[in-house]
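Please find below my notes on the model, set out as numbered points that go from the whole chain to single residues.

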Amino acid sequence: WTETKSIKSAIFSVMGRRFLVAGCIKLFNSALQFSNPLLMHAILKFIEDYQNGKISKDDSWQDRYRGYWLSAILFAILCCKAITESAYFHRVNRAAFHVRTAISTSVYHKSLVLSNSERTTMTLGELVNLMQVDATKIELFVPQIHVLWDGILQISGYMAILYTLIGWPCLAGLGVMIVTTPVQ
């Protein structure tokens with residue numbers, strides 16, 4: 001560790017590739033999440049067609065059993081979503097732990113090389129505060145970094161899905177969500 005490195009470059013070198021891979025997993029997980037309402041809509045459309053008699057015994061087996069296949073695909077997607085979500089949380093929590101360790105270590109290292117005049121300006125309690133509390137706050141923030149871009153992606157994706165399914169009334173729900181954001 002050299003004194004010329006900034007904290008950002010140190011954190012990126014500790015998290016680095018693992019954090020970027022976690023972002024790709026989060027993107028794939030969000031894409032899987034968008035498929036749930038679309039598949040549910042297709043399953044409900046199949047049930048509606050079946051009850052209205054639009055699907056007969058003379059239709060091909062793909063049409064007669066479309067609801068079962070869609071349900072199996074939905075199950076497989078939910079399983080993949082659970083696996084990718086676990087992989088994502090494993091990677092970001094591990095990266096967060098490494099960041100906390102790196103910050104604590106660098107503060108401890110810095111405290112060892114302080115001159116006598118610099119040691120009089122900082123108490124042991126302040127050093128422990130820097131090393132533990134502030135490092136823990138950063139550790140808790142790291143898993144939430146991907147939520148910043150993923151939240152916007154999910155709101156946009158779900159609004160597009162809602163717009164295709166119900167039309168312009170979904171914009172009223174978006175308006176209510178925007179107006180109530182400061183309350184949250």
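1. The protein chain is made up of 7 helices and 0 strands, and, read from the N terminus, its elements follow the order α-α-α-α-α-α-α. The coordinates should be read with the reminder that this is a predicted model.

2. On overall dimensions, the radius of gyration of the protein chain is 25 Å, whereas a compact globule of 184 residues would have a value near 16 Å. The C-alpha trace, taken along its principal axes, spans about 90 × 35 × 25 Å, and these two descriptions are best read together.

3. Turning to burial and surface, 28% of the 184 residues of the protein chain count as buried. The chain exposes about 12,600 Å², of which 68% is supplied by carbon and sulfur atoms. Of the contacts between residues at least 6 apart in sequence, 77% join residues that are at least 24 apart.

4. As to charge, the protein chain carries 17 positive and 12 negative side chains, and the centres of these two sets lie 6 Å apart.

5. The structure holds 4 aromatic pairs. One of them joins tyrosine 65 and tyrosine 68, whose ring centres are 6.0 Å apart with 45° between the planes, a tilted arrangement. Tyrosine 65 is partly exposed, at a relative accessible area of 39%, while tyrosine 68 counts as exposed, because its relative accessibility is 60% and the cut-off for that class is over 50%.

6. A further pair is formed by tyrosine 88 and phenylalanine 89, with ring centres 5.1 Å apart; because the planes stand at 65°, this pair is edge-to-face. Are the two partners buried or partly exposed? Tyrosine 88 counts as buried at 1% relative accessibility, whereas phenylalanine 89 counts as partly exposed at 37%.

7. Glutamine 33 lies in helix H1, which covers residues 7–51. Why does glutamine 33 count as buried? Its relative accessible area is 19%, and buried means under 20%, so the residue falls within that class. Once its neighbours within four places in sequence are left aside, glutamine 33 is in contact with Lys81, Gln154 and Tyr158. For a separation in space, the C-alpha atoms of glutamine 33 and leucine 148 are 17 Å apart, with their positions 115 residues apart in sequence.

8. Serine 104 is placed in helix H3, residues 66–112, and it is buried, with a relative accessible area of 12%. Which residues does serine 104 contact when its neighbours within four places in sequence are left aside? They are Met131 and Ala135.

9. Methionine 159 has its place in helix H6, which runs over residues 145–166, and with a relative accessible area of 16% this residue is buried. Leaving aside neighbours within four places in sequence, methionine 159 is in contact with Cys170, Leu171 and Leu174. For one of these partners, leucine 171, the C-alpha to C-alpha distance from methionine 159 is 8.0 Å, at a sequence separation of 12 residues.

10. To draw the residue-level points together, glutamine 33 in helix H1, serine 104 in helix H3 and methionine 159 in helix H6 are buried, at 19%, 12% and 16% relative accessible area respectively. These values belong to a chain in which 28% of the residues count as buried, and they rest, as does everything above, on a predicted model.

Notes:
Residues are numbered from 1 along each chain as its sequence is written. This is a predicted model: local features need pLDDT of at least 70, side-chain atom pairs count only at pLDDT 80 or more; totals for chains, interfaces and linings use all residues. Side-chain values use heavy atoms; hydrogens and water are left out. Helices (H or I, at least four residues) and strands (E, at least two) are DSSP runs, numbered from the N terminus. The radius of gyration is taken over C-alpha atoms; the globule rule is 2.2 Å times the number of residues to the power 0.38. Buried means under 20% relative accessible area, exposed over 50%, partly exposed in between (1.4 Å probe, protein chains only). Contact means heavy atoms within 4.5 Å. Accessible areas come from the Shrake-Rupley method with a 1.4 Å probe; for residues, only the protein chains shown count as cover. Lys and Arg count as positive and Asp and Glu as negative; His and the chain ends are not counted. The place of a charge is taken as NZ of Lys, CZ of Arg, CG of Asp or CD of Glu. Rings of Phe, Tyr and Trp (its six-membered ring) pair if their centres lie within 6.5 Å; planes under 30 degrees apart count as stacked, over 60 as edge-to-face and the rest as tilted.
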